[in-house]
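Thank you all for making the time this morning. I would like to take you through one structure, and I will try to keep to what can be read from the coordinates.

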Amino acid sequence: MKTDALIDLLATGAGPAQRHPVARRFGVAVAVGAAGGFAILLLAFGINPALRDFTLLPGFWIKMTFAVVLALSGFVASVRLARPGVAVGNAKWLAVAALTALWVLALVVLADADPGARSQLVFGNSWSVCPFRIALLSAPTFAASIWAMRGLAPTNQRLAGAALGFFSGALGASIYGLHCPELAPPFLAIWYVIGILIPTVVGSVIGRPMLRW
Amino acid sequence: MTRVSPSAVTDPTSPANLSDEAFTAREERLRTLMLRAQAGDEAAYRVVLTELSVHLRAYYRRRLTRIAGEAEDLVQETLLAIHNQRHTYDRSRPLTAWCYAIARYKLVDFLRRRGRREALTDSIDDDFSQQLSGDESDATDAHRDMQQLLDALPERQRLSVVYVKIEGRSVAETATLTGMSESAVKVNVHRALKALSAKVRGAK
């Protein structure tokens with residue numbers, strides 16, 4: 001077939017291109033994902049009854065800020081990677097800064113603590129379930145983001161998959177923060193981060209097969 | 001990787017390396033046309049696709065010298081991709097960078113599929129701009145027969161493409177002829193081109 005004939009075929013009756021596809025699709029993904037995650041939280045875990053008291057504690061706000069900032073950086077990275085020729089950009093530094101800040105804070109808290117109290121600061125009462133709960137709460141956002149990305153054109157699919165996994169995980173962590181009673185920075189620095197990394201790794205693995213175009 | 005200025009690239013073997021000004025002027029003109037095309041200007045879109053196809057041809061021929069016969073297939077595959085993904089062009093960015101990223105992705109995807117990395121005769125990170133010479137517009141026949149691929153589409157998709165895209169009928173007219181709603185016709189044309197793109201990939 002002649003290329004001119006194909007160009008003819010493509011141009012004829014092409015109509016206008018869809019407007020704001022990235023904002024539209026990721027807007028849907030965030031809405032569906034957050035609503036789904038929140039529904040699972042209410043059904044499976046419930047909101048922490050002490051949440052009102054928590055709002056008076058800086059530890060709670062540090063935890064929530066950390067999770068939300070990571071979600072924001074993952075979102076920006078995903079949206080950028082959805083278009084051909086756009087790199088991750090500065091979004092990754094936002095994530096690096098938030099992670100570094102949390103880890104430094106965790107080390108300071110540990111160094112400051114009684115040796116006997118350190119184990120409680122690291123493991124809390126829920127270390128063994130925390131990462132999996134975060135991963136579970138991230139699932140709706142993950143699925144919705146994959147859908148959003150499939151309608152766009154990521155040229156680095158592994159990275160795009162990892163970015164949307166990271167975004168989903170961090171949003172899942174933000175939602176889980178409304179239930180989770182743990183506030184110790186060392187706990188968050190390990191188990192929350194592992195929880196966020198689960199969908200990130202899954203995303204990078206399924207990125208190429210799922211996001212090809 | 002996706003820089004726009006060709007000044008950073010000095011390849012003496014490259015035919016007709018454009019000056020900065022000429023490149024910028026061309027980018028600006030193509031981008032303006034693309035914005036009109038995005039708004040629904042069919043004639044502008046035709047010009048954009050035709051000009052991009054010339055650049056793509058030079059780009060692929062340069063990189064696939066040992067399997068040059070594949071270049072035109074890739075040009076067509078990339079044009080399909082450009083069309084199917086045209087909504088992802090961000091008007092605040094250079095059109096050339098967007099197009100180059102798609103061309104590069106399709107090249108890497110092709111080489112990965114074929115497992116023929118040794119066919120790569122040049123760095124794929126070269127600047128797209130040096131491919132803008134466009135002096136090789138002859139022989140635009142690809143190996144594959146698009147008609148056969150079209151015939152293999154589901155009936156509703158095939159009819160929509162034939163009426164709207166090949167016979168140039170309006171969407172409303174096609175809707176009447178096929179008994180589909182107008183939005184169904186649009187959806188079917190869109191799906192057909194997506195399916196065509198997938199078939200083109202699978203046919204390799």
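I will begin with chain B, then turn to where the chains touch, and end with the core.

Please keep in mind throughout that what you see is a predicted model. Chain B is made up of 8 helices and 0 strands, so that, if you follow the sequence from one end to the other, the pattern you read is α-α-α-α-α-α-α-α. Of the 204 residues in chain B, 40% are buried. If we take the contacts in chain B between residues at least 6 apart in sequence, we find that 68% of these join residues that are at least 24 apart.

Let me move on to the two chains together, where 25 residues of chain A are in contact with 39 residues of chain B. On the chain A side, the element that gives the most is helix 1, residues 3-11, which contributes 7 residues. Sorted by class, that side of chain A holds 15 nonpolar residues, along with 7 polar and 3 charged ones.

Finally, the core. The largest nonpolar core contains 105 residues, and the ones with the most contacts inside it are A:Ala170 and A:Tyr192. Because domain 1 (14-131) and domain 2 (146-202) of chain B both give residues to this core, it lies between them. As for A:Tyr192, leaving aside residues up to four places away in sequence, its contacts are with A:Ala67, A:Cys130, A:Ile134 and A:Ala173.

Conventions
Residues are numbered from 1 along each chain as its sequence is written. Chains are lettered from A and ligands numbered from 1 in the order in which they are written. This is a predicted model: local features need pLDDT of at least 70, side-chain atom pairs count only at pLDDT 80 or more; totals for chains, interfaces and linings use all residues. Two residues are in contact if their C-beta atoms, placed from the backbone, lie within 7 Å. Helices (H or I, at least four residues) and strands (E, at least two) are DSSP runs, numbered from the N terminus. Ala, Val, Leu, Ile, Met, Phe, Trp, Tyr, Cys and Pro count as nonpolar, Asp, Glu, Lys and Arg as charged, and the others, Gly among them, as polar. A nonpolar core is a set of buried Ala, Val, Leu, Ile, Met, Phe, Trp, Tyr and Cys residues joined through C-beta atoms within 7 Å. A residue is buried if 20 or more other C-beta atoms lie within 10 Å of its own, exposed if 12 or fewer, and partly exposed in between; C-beta atoms are placed from the backbone. Domain bounds come from an automatic or database domain assignment.
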